[in-house]
Amino acid sequence: YNIKEGKNFATNLGLFYEGFNIGYNGNYSTSRISYVMNSVSGTSTNQLIYIPTDDELAKMPFVDEANKAAYKSFIENDTYLSTHRGQYEQRNAILAPWLNRINFHIGQEFKFNVAGKPNSIEVAADVRNIANLLNNKWGSYKALSSNAILKYADVLDENGDVTGKAYTFTEPEWKEYANTLSTWSAVLSLRYKF
């Protein structure tokens, strides 16, 4: 928005919204992730999870019934997992959280002529992620605790003897990402237009 103030002055205002899916998985920013589990074949590579039906889940050995119930609840409350039961998860099928940002620009423009041609100088301030200036939780990136949500491993008794194998579910969490990317910032600038 441009507010003219006489013949030689103007104030420029701008408000810019940006919204997109993004989060951090480890040290990498991403818009999509995959839930994985350790390899049951003994290789060191993680594999995409299989999303069991209720009948299949009932037959799967877990470390305890509370852990199995937590996994069932997690599947039922996830948009993608709940609609793809009885299938392997597709790679990068899970969306990262939605990030909302508002950026603000204000500039004072001084217009003049040089050799008959219009020129101007603008002194401006640009504030990125202005909502974060008001509340440090707004406009912040999120980081995933871990995308490895299932582990299939030996179960040990109190003597350290192997009694069988079982699944362990660890619920992933999107937490605040403490980084300068999540904070507001301001830039002062001087522009010469000719």
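Is Asn129 buried or exposed? Hold that thought until the view of this residue below; all the views come from a predicted model.

**View 1. The whole chain, before zooming in, is built from 4 helices and 17 strands.** Put a box around the C-alpha atoms along the principal axes and you get roughly 90 × 35 × 30 Å. The radius of gyration is 27 Å, while a compact globule of 194 residues would come in near 16 Å. Buried residues account for 31% of the 194. If you take contacts between residues at least 6 apart in sequence, 66% of them link residues at least 24 apart.

**View 2. The surface of the protein exposes about 12300 Å².** Carbon and sulfur atoms make up 55% of that area. As for charge, there are 19 positive and 20 negative side chains. The centres of those two sets sit 15 Å apart.

**View 3. The largest nonpolar core brings together 20 residues.** Tyr35, Ile49, Phe62, Tyr71, Leu81, Ile149 and Leu150 are the ones with the most contacts inside this core. At least two residues apiece come from helix H2 (65-77), helix H3 (79-82), strand E14 (148-156) and strand E15 (162-169). Helix H2 is the top contributor, with 3 residues. Another core, of 6 residues, lies apart from this one, and Ile22, Leu99, Ala143 and Tyr177 are among its members.

**View 4. Here we zoom in on Leu150 and its contacts.** Which residues does Leu150 touch, leaving aside its neighbours within four places in sequence? The list runs Val36, Met37, Asn38, Ile49, Phe62, Tyr71, Tyr167, Thr168 and Phe169.

**View 5. Asn129 has a positive phi without being a glycine.** Its phi is about 60 degrees. Most residues other than glycine have a negative phi. Look for Asn129 in the loop between strand E12 (117-128) and helix H4 (130-134). And here is the reply to the opening question: Asn129 counts as buried, because its relative accessibility is 0%.

**View 6. Asn92 is another non-glycine residue with a positive phi.** For Asn92 the angle is about 55 degrees. This asparagine is found in the loop between strand E9 (87-88) and strand E10 (94-95). How does Asn92 rank for exposure? With a relative accessible area of 37%, Asn92 is partly exposed.

Notes:
Residues numbered from 1 in each chain as written. Predicted model: local features only at pLDDT ≥ 70, side-chain atom pairs only at ≥ 80, totals over all residues. Heavy atoms only, no water. Rg over C-alpha atoms; globule rule 2.2 N^0.38 Å. Buried < 20%, exposed > 50% of the residue type's maximum accessible area, 1.4 Å probe, protein only. Contact = heavy atoms within 4.5 Å. Areas by Shrake-Rupley, 256 points an atom, 1.4 Å probe, with all protein chains shown as cover. Lys, Arg positive; Asp, Glu negative; His and termini not counted. Charge placed at Lys NZ, Arg CZ, Asp CG, Glu CD. Core = buried A, V, L, I, M, F, W, Y, C linked by side-chain atoms within 4.5 Å.
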